[in-house]
Amino acid sequence: MHIRKSGESDLSKILDIYAGARERMRKNGNPTQWGDRWPLEEVILEDIQAGDSYVVENDGEICGVFSFLVGIEPTYVHIEDGDWLNEEPYGTIHRLAGNGVMKGVFAACLEYCEGRVPNIRIDTHKDNHIMRHLLEKYGYAVCGRIYVGDNTPRIAYQKITGEGRGI
């Protein structure tokens with residue numbers, strides 16, 4: 001698998017991947033995390049224009065997408081029912097989704113991000129049992145609860161890798 005920054009020419013495929021991910025979430029008992037429209041096209045375009053959107057490719061085909069930001073994530077400033085593992089600089093993974101066909105998208109994303117920043121933070125909905133299982137399988141620790149932009153709670157995770165090489 002290969003990871004590269006997304007471009008506006010990837011938008012149609014990215015939207016398809018997110019639509020499929022929303023459907024899989026609904027079928028797996030998580031209908032509210034992304035609802036019917038999240039992430040919005042405007043948010044995806046903002047990620048692309050900021051250079052924070054990435055696609056995962058296999059044999060030249062886009063099979064996954066995620067956003068990766070380095071720096072302070074405003075929704076992570078306040079955490080309840082716990083604490084972050086440290087307050088060192090970190091990267092945040094958002095909006096991670098695969099096409100539902102290609103295996104290994106999740107692992108490829110983590111490997112990419114963990115190789116760039118020694119601290120990774122990520123959050124997910126309490127009903128996203130698949131994501132929660134995968135995060136814990138890959139060594140991410142539950143740190144507490146944060147609230148996203150619409151003021152709904154998410155379980156906050158962090159992993160310290162100590163291996164970041166910079167973006």
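In the predicted model, residue A108 is found in helix α3. A108 is buried, its relative accessible area being 15%. Apart from residues up to four places away in sequence, A108 touches M1, I3 and V56. Between A108 and E41, which stand 67 residues apart along the chain, the C-alpha separation is 24 Å.

The burial of A108 is shared by much of the helix that carries it. Helix α3 is mostly covered, with eight of its 10 residues buried. These buried residues are V105, F106, A108, C109, L110, Y112, C113 and E114. For C113, the relative accessibility is 0%, and this cysteine therefore counts as buried.

The cysteines were examined next for covalent pairing. Across the whole structure, a search finds zero disulfides. C113 takes part in no disulfide; the nearest cysteine sulfur belongs to C109 and is 4.2 Å away, whereas a disulfide is defined by two cysteine sulfur atoms within 2.5 Å. C109 also holds the cysteine sulfur closest to that of C63, but the separation there is 11 Å, which is too far for a bond. C63 has a relative accessibility of 3% and so counts as buried, the limit being under 20%.

A second buried site is provided by Q158, which has its place in strand β7 (residues 153-160). The relative accessible area of Q158 is 0%. A polar atom of the Q158 side chain lies 2.8 Å from the backbone nitrogen of L85. L85 is also among the residues in contact with Q158 when neighbours within four places in sequence are left aside; the full set comprises W84, L85, N86, N119, I120, R121, Y140, A141 and C143.

Attention then turned to the empty space in the model. Such space is revealed by rolling a probe the size of a water molecule over the atoms. The largest pocket has a volume of about 1200 Å³. It is lined by 44 residues, of which W34, L96, A97, N128 and M131 are the closest to its centre. At least two lining residues are supplied by each of α1 (11-27), α2 (41-50), β4 (91-98), α3 (105-114), β5 (119-124) and α4 (129-137). Strand β4 gives the most to this lining, contributing six residues. Helix α3, described above for its buried residues, is thus also one of the elements that supply the lining of the largest pocket. Divided by class, the lining of the largest pocket contains 20 nonpolar, 14 polar and 10 charged residues.

Enclosed space was considered separately. One cavity of 30 Å³ or more is found in a search of the whole structure, and the volume of the largest cavity is about 30 Å³. Its lining is formed by Y18, I44, D47, S53, F66, S67 and R95. Two elements, α2 and β3 (61-70), give two or more residues to the lining of this cavity. By class, the residues that line the largest cavity are three nonpolar, two polar and two charged. Helix α2 supplies residues to the lining of the largest pocket and also to that of the largest cavity.

Notes: Residues numbered from 1 in each chain as written. Predicted model: local features only at pLDDT ≥ 70, side-chain atom pairs only at ≥ 80, totals over all residues. Heavy atoms only, no water. Buried < 20%, exposed > 50% of the residue type's maximum accessible area, 1.4 Å probe, protein only. 1 Å grid on protein atoms, 1.4 Å probe; cavity = no way out; pocket = protein on both sides within 12 Å on 5 of 7 lines; lining within 4 Å. Points joined across faces, edges and corners; volume = space filled by probe spheres on them. Helix = DSSP H or I, 4+ residues; strand = E, 2+ residues; numbered from the N terminus. Nonpolar A, V, L, I, M, F, W, Y, C, P; charged D, E, K, R; others polar. Contact = heavy atoms within 4.5 Å. Polar contact = N/O pair within 3.5 Å; in protein donor to acceptor, adjacent residues only side chain to side chain.
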